[in-house]
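Let's take a walk through a protein together. Have a look at the sequence and the model first, and then we'll go through it piece by piece.

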Amino acid sequence: MTSRIWISIGALAVIYGLTVTGCSPVADADGTPRIKTTAMDQPRLTEASALWSEENGAYGDPFTTGKAAYDIAQLTHDPKWAREAISQLEKARSEMPNFPSATAYLGSAHALMARDYPLQGAWQALPGPGFVRIYHVERAEALLSEAVAIDPTDPVARLIRAATIIDMPGVLADHDLALADFDQLAKWEAQPELNPQHADVLRSAKWRGDFYSAYTRVLADQGKTEQAATYQQKLTAFKKEFE
């Protein structure tokens, strides 16, 4: 990892130079998050916000709370929410070490923390901030692979790994691994009986919607226009099915 660290400290200043919106996980008196995002993302953000407000507390479920914070972090690019997601999902992983989704989302939350690290511009090239980001990148990769190792046939954990790694800079992440994950997921989606243990998940609306959306974009980015069009048609048909 040493060579990657030295290569990446300077590069991360450019690669992850994203604007961070300002909000707090405990912004309002009633516990409702104050967040800013686009109108397109608003339904998902509203749902995640409501779920976080409901579950955040002594009697809440850490996985549900962490997943809600993760969704908010993903949409708002606010590192405070990524930090909240990591905190809650660490608890969930501790309580459920054999639950692949808890470990996978924790890994992906670390990737969000690297993406949205609050220092911007030239400050990111300093050794301290640079190493903080590298830590989150390497933690993300380790946890994502750990999640798949818990159950290599789990389509949720494998999709989280594939979608997270493919969005990370190629100098830091194994894009070939992510593409292999997508290929395997495509085979399972086409023939759920190949993965009987998780056939119900593969046929579920939630998983199919997430997979079609992610894979369409990946195929388009690779220039595989015909395949991308096929999955775009599946995504369009899927959306019509649930309108």
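Is His77 buried, partly exposed or exposed? Its relative accessible area is 24%, so His77 counts as partly exposed. Keep in mind as you look around that this is a predicted model. You'll find His77 in the loop between H3 and helix H4, which covers 79-95. There's something else to spot here: the phi angle of His77 is near 60 degrees, a positive value in a residue that isn't glycine. Why point that out? Because most residues other than glycine have a negative phi.

Now zoom out to the whole chain. The protein chain has 11 helices and zero strands. If you read along the sequence, you simply meet α-α-α-α-α-α-α-α-α-α-α. The chain is made of 243 residues, and 46% of them are buried. What about the surface? The protein chain exposes about 12,000 Å², and 57% of that comes from carbon and sulfur atoms. You can also ask who touches whom: among the contacts with a separation of 6 or more, 63% are between residues 24 or more positions apart.

Let's go back to the neighbourhood just before that loop and see how two helices pack. Helix H2 runs over residues 42-55 and helix H3 over residues 62-76. Their axes are 8 Å apart and meet at an angle of about 145 degrees. The crossing of H2 past H3 is left-handed. From the H2 side, the residues taking part are Arg44, Leu45, Ala48, Ser49, Leu51, Trp52 and Glu55. On the H3 side they meet a set of residues including Thr64, Ala68, Ile72 and Leu75. Sort the residues of this contact by type and you get eight nonpolar, five polar and three charged.

Next, head for the inside. The largest nonpolar core has 57 residues. Which of them touch the most other members? They are Leu89, Leu159, Phe182, Phe211, Tyr215 and Tyr231. Helix H5, residues 100-115, gives this core its largest share, with nine residues. Take Leu89 and set aside its neighbours within four places in sequence: what's left is contact with Phe63, Gly66, Lys67, Ala102, Tyr105, Leu106 and Ala109.

Stay with helix H5 for a moment, since Thr103 is found there. How much of Thr103 is accessible? Its relative accessibility is 0%, so Thr103 counts as buried. What surrounds it, beyond the neighbours within four places in sequence? Thr103 is in contact with Arg93, Leu143, Glu146, Ala147 and Ile150.

Helix H6, residues 127-150, holds our next stop, Ala140. This residue is buried because its relative accessible area is 0%. Leaving out neighbours within four places in sequence, Ala140 is in contact with Gly107, His110 and Ala111. Try tracing the chain from Met113 to Ala140, too: they're 27 residues apart along the chain, and their C-alpha atoms are separated by 9.4 Å.

Move on to helix H7, residues 155-166, where you'll find Ile166. Is Ile166 buried or exposed? With a relative accessible area of 16%, Ile166 is buried, because buried means under 20%. Its contacts, not counting neighbours within four places in sequence, are His175, Ala178, Leu179, Phe182 and Val218. One of these, Leu179, is 13 residues away from Ile166 along the chain, with 7.6 Å between the C-alpha atoms. Another, Phe182, may ring a bell from the list of core residues that touch the most other members.

Our last stop is helix H11, residues 225-241, which is where Gln232 lies. At 35% relative accessibility, Gln232 counts as partly exposed, because that label covers the range between the 20% limit for buried and the 50% limit for exposed. Looking back along the sequence, Ala220 is 12 residues from Gln232, and the two are 9.7 Å apart in space, C-alpha to C-alpha.

Technical notes:
Residues are numbered from 1 along each chain as its sequence is written. This is a predicted model: local features need pLDDT of at least 70, side-chain atom pairs count only at pLDDT 80 or more; totals for chains, interfaces and linings use all residues. Side-chain values use heavy atoms; hydrogens and water are left out. Helices (H or I, at least four residues) and strands (E, at least two) are DSSP runs, numbered from the N terminus. Buried means under 20% relative accessible area, exposed over 50%, partly exposed in between (1.4 Å probe, protein chains only). Contact means heavy atoms within 4.5 Å. Accessible areas come from the Shrake-Rupley method with a 1.4 Å probe; for residues, only the protein chains shown count as cover. Axes are lines fitted to C-alpha atoms, for helices over the stretch in contact, and angles run from 0 to 180 degrees between N-to-C directions. A crossing is left-handed if the near helix is turned anticlockwise from the far one by less than a right angle, and right-handed if clockwise. Ala, Val, Leu, Ile, Met, Phe, Trp, Tyr, Cys and Pro count as nonpolar, Asp, Glu, Lys and Arg as charged, and the others, Gly among them, as polar. A nonpolar core is a set of buried Ala, Val, Leu, Ile, Met, Phe, Trp, Tyr and Cys residues joined through side-chain atoms within 4.5 Å.
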